[in-house]
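Grab your viewer and work through these exercises on disulfides, strand pairing and aromatic rings. Each task comes with a solution in steps.

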Amino acid sequence: MKSILILLTLILMAGCTTVRYNGTDTLIEKIDYPEVGKVVTVYIGDHMVQKGTITEENVLLVHKTIDGALYDIPAKKYPQVGYDEKQDFYSAVGVIKGGLSDPIQALALNKEEGAELCVISVFGGKACYKGEYERKKQLSEKGNSFQQTLIYSGRVGDKINISYREFSNNTARPAFNNDVEYDLSFSSTIGYKGALIEVIKADNSSITYKLIRNFP
């Protein structure tokens with residue numbers, strides 16, 4: 001019975017699919033928060049000012065492991081490696097092949113909703129399965145994401161504490177981080193690395209302010 005099942009599956013795999021390794025569509029989003037001149041209230045630990053770019057890429061998130069006759073597709077994220085007019089191709093790292101199955105090359109998914117997820121062999125054959133999956137975007141590990149941010153850290157007496165943080169590809173850059181203290185009895189206008197803020201009200205739980213100028 002098992003041999004018949006494998007034979008039938010091999011018949012279904014007839015045809016040849018050429019996997020394209022032309023990368024992924026990327027989305028570059030610019031961050032410039034808040035709007036200059038707008039009065040904003042944030043709380044301790046919140047971002048007061050943000051400036052930079054985020055680069056996102058496509059991934060396939062399989063929610064539930066697909067137990068196929070020839071291949072098992074574990075529940076995990078699979079980065080996109082390419083695409084053509086009809087389908088998207090994803091990395092197959094982590095996919096498990098059966099003992100009599102051909103070596104794995106990639107995963108393929110037609111662009112229409114509800115398409116079956118296919119395992120592409122090194123010979124261009126495919127085995128397709130229904131499954132629970134989702135196309136998503138995530139921060140690109142290869143992109144040029146960079147952010148500067150000021151974070152509110154609270155008030156003691158007349159002094160407020162602001163933390164400066166830099167992130168590159170969602171990873172903090174400790175060498176560029178700094179914690180700064182400002183005396184509001186001296187001035188209600190504070191600045192750091194070109195960003196300028198007018199403090200309207202601040203206590204040990206929140207701060208209300210207006211952005212005069214963001215990071216250059």
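Does Cys128 count as buried, partly exposed or exposed? Cys128 has a relative accessibility of 30%, so it counts as partly exposed; the cut-offs are under 20% relative accessible area for buried, over 50% for exposed, and partly exposed in between (1.4 Å probe, protein chains only).

Before going on, some ground rules: this is a predicted model, where local features need pLDDT of at least 70, side-chain atom pairs count only at pLDDT 80 or more, and totals for chains, interfaces and linings use all residues. Residues are numbered from 1 along each chain as its sequence is written, and side-chain values use heavy atoms, with hydrogens and water left out.

**Exercise 1. Find the disulfide and work out its handedness.**

Step 1: Apply the distance rule, a pair of cysteine sulfur atoms within 2.5 Å. The count comes to 1 disulfide.

Step 2: Name the partners. They are Cys118 and Cys128, with sulfur atoms 1.9 Å apart.

Step 3: Check the torsion about the S-S bond of Cys118 and Cys128. It is about 105°, so this disulfide is right-handed.

Step 4: Place both ends on strands (E, DSSP runs of at least two residues, numbered from the N terminus). Cys118 sits in strand E10 (residues 117-121) and Cys128 in strand E11 (residues 126-129), so the bond ties together parts that are 10 residues apart in sequence.

Step 5: Look at burial on the other end. Cys118 has a relative accessible area of 7%, so it is buried.

**Exercise 2. Describe the surroundings of E10.**

Step 1: Go through its residues. In E10, 5 of its 5 residues are buried. Leu117, Val119 and Ser121 cover one side, Cys118 and Ile120 the other, and all are buried.

Step 2: Find the pairing partners, remembering that two strands pair if DSSP finds at least two bridges between them. Strand E9 (residues 104-110) runs antiparallel to E10, joined by 5 bridges, and one of the partnerships is Ala106 with Ile120. E10 also pairs with E11 in the antiparallel sense, over 4 bridges; here Val119 has Ala127 as its bridge partner.

Step 3: Inspect the turns. The hairpin of E9 and E10 has 6 residues between the strands, and Gly114 takes a positive phi near 80° there. The hairpin of E10 and E11 has 4 residues between them, with Gly124 in the turn at a positive phi of about 90°.

**Exercise 3. Classify the aromatic pairs.**

Step 1: Use the ring rule for Phe, Tyr and Trp (its six-membered ring): centres within 6.5 Å, with planes under 30 degrees apart stacked, over 60 edge-to-face and the rest tilted. That gives 2 aromatic pairs.

Step 2: Take Tyr164 and Tyr192. Their ring centres are 4.9 Å apart and the planes are at 40°, so this pair is tilted. Tyr164 lies in strand E14 (residues 159-168) and Tyr192 in strand E17 (residues 189-192), so the pair ties together parts that are 28 residues apart in sequence.

Step 3: Check burial. Tyr164 is buried at 1% relative accessibility, and Tyr192 is buried at 17%.

Step 4: Take Tyr164 and Phe215. This pair is edge-to-face, at 5.8 Å centre to centre and 65° between the planes. Phe215 lies in the segment after strand E19 (206-213), so the pair with Tyr164 ties together parts that are 51 residues apart in sequence. Phe215 is buried at 1% relative accessibility.

Step 5: Put the pairs together. Tyr164, Tyr192 and Phe215 are linked by ring pairs into a cluster.
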